[in-house]
Amino acid sequence: MNARPSRRTGPEEARAVMRTFLTEDEEHAWQGLADAHESLTRALDAGLLADHRMPLSTLQALIEIAHAEDESISVSELAERIRLSPSRTSRLAMELEREGLVERQRDAADSRSTRIAATQAGRDRLLEAAPTYLSTIRAHLFEGLDERDVKQLARILGRIQARRPHRD
């Protein structure tokens, strides 16, 4: 008989490890949050592709670009906001520029940096896709919740967000 413990973890061992870090309620909350995010992200991407031939990452980029304070945003800041790598964000910006949805320009303050601004065509495309985007969020996230639930969810997520380090 082998005295060495098995490297395979069965359900009992996995639960024991989980309980070392998370209560059962915390585990359920985490799984619910992860499942809700995945489901909503899939639904948004599918709806935007079907109705507007636009992936979710493109819409998220257009939202951030169109709503930037100085009417333009650096590629690095856009990457952080849409949670893509800087190289993937740079490629996305080039794709959007080829489609006429954005204009890329050198940053006057830092010639190494590129800024992106939405064109009128980009703003129009964003307005066309907004109903699909927003109605999908409503259907997958808020339907079945009453006003009190939504306020409680916003309060809880706000408290979680407040604990995270802020971007500069």
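**Entry 1: Glu12 and its partner**

I started at Glu12, which is exposed, with a relative accessible area of 55%. A reminder to myself before going on: this is a predicted model. Which residue forms a salt bridge with Glu12? I found Arg15 there, with the closest N and O atoms 2.8 Å apart. Arg15 counts as partly exposed, at 42% relative accessibility. I then looked at where the pair sits: Arg15 and Glu12 are three residues apart in helix H1 (residues 11-21), so about one helical turn separates them.

**Entry 2: more salt bridges**

How many salt bridges does the structure hold? I noted nine. As a general point for the notebook, side chains of opposite charge can pair when their charged atoms come close.

Next I went to helix H4, where Arg81 forms a salt bridge with Glu77. The closest N and O atoms of this pair are 2.6 Å apart. Arg81 and Glu77 are four residues apart in H4, about one turn of the helix. I checked exposure for each: Arg81 is at 27% relative accessibility and counts as partly exposed, and Glu77, at 32%, counts as partly exposed as well. I also wrote down that Glu64 joins Glu77 and Arg81 in a network of salt bridges.

Then I looked up Glu99, which forms a salt bridge with Arg125, the closest N and O atoms being 3.9 Å apart. This pair links distant parts of the chain, 26 residues apart. Glu99 lies in the loop between H5 and strand E2 (102-106), while Arg125 belongs to helix H6 (residues 120-142). Glu99 counts as partly exposed because its relative accessibility is 48%, and the cut-off for exposed is over 50%.

**Entry 3: H4 against H5**

Back to H4, this time for its packing. Two packed helices are described by the angle between their axes and the distance between the axes. For helix H4 (residues 75-82) and helix H5 (residues 86-98), I noted axes that come within 9 Å and cross at roughly 110 degrees. H4 is therefore roughly perpendicular to H5, since angles of 65 to 115 degrees count that way.

Which residues of the two helices meet? On the H4 side I listed Val75, Leu78, Ala79 and Ile82, and on the H5 side Pro86, Thr89, Ser90 and Leu92. By class, this contact has six nonpolar and two polar residues, and no charged ones.

**Entry 4: the nonpolar core**

I moved on to the largest nonpolar core, which has 26 residues. Those that touch the most other members are Leu59, Ala61, Ile65, Leu78, Leu96, Ile116 and Tyr133. Helix H2 (24-52), helix H3 (56-66), H4, H5, strand E3 (114-118) and H6 each supply at least two residues. Which element gives the most to this core? It is H3, with six residues.

I picked Ala61 for a closer look. Leaving aside neighbours within four places in sequence, Ala61 is in contact with Leu78, Ile82, Leu92 and Leu96. Among these, Leu78, Ile82 and Leu92 also appear in my list for the meeting of H4 and H5.

**Entry 5: Ser72**

My last stop was Ser72, in the loop between H3 and strand E1 (73-74). Is Ser72 buried or exposed? I have Ser72 down as buried, because its relative accessibility is 10%. Not counting residues up to four places away in sequence, Ser72 touches Gln105, Arg115, Ile116 and Ala117. Ile116 was already in my notes, as one of the core residues that touch the most other members.

Key: Residues are numbered from 1 along each chain as its sequence is written. This is a predicted model: local features need pLDDT of at least 70, side-chain atom pairs count only at pLDDT 80 or more; totals for chains, interfaces and linings use all residues. Side-chain values use heavy atoms; hydrogens and water are left out. Axes are lines fitted to C-alpha atoms, for helices over the stretch in contact, and angles run from 0 to 180 degrees between N-to-C directions. Angles under 35 degrees count as roughly parallel, over 145 as roughly antiparallel, 65 to 115 as roughly perpendicular and the rest as oblique. Contact means heavy atoms within 4.5 Å. Ala, Val, Leu, Ile, Met, Phe, Trp, Tyr, Cys and Pro count as nonpolar, Asp, Glu, Lys and Arg as charged, and the others, Gly among them, as polar. A salt bridge is a side-chain nitrogen of Lys or Arg within 4 Å of a carboxyl oxygen of Asp or Glu. Buried means under 20% relative accessible area, exposed over 50%, partly exposed in between (1.4 Å probe, protein chains only). A nonpolar core is a set of buried Ala, Val, Leu, Ile, Met, Phe, Trp, Tyr and Cys residues joined through side-chain atoms within 4.5 Å.
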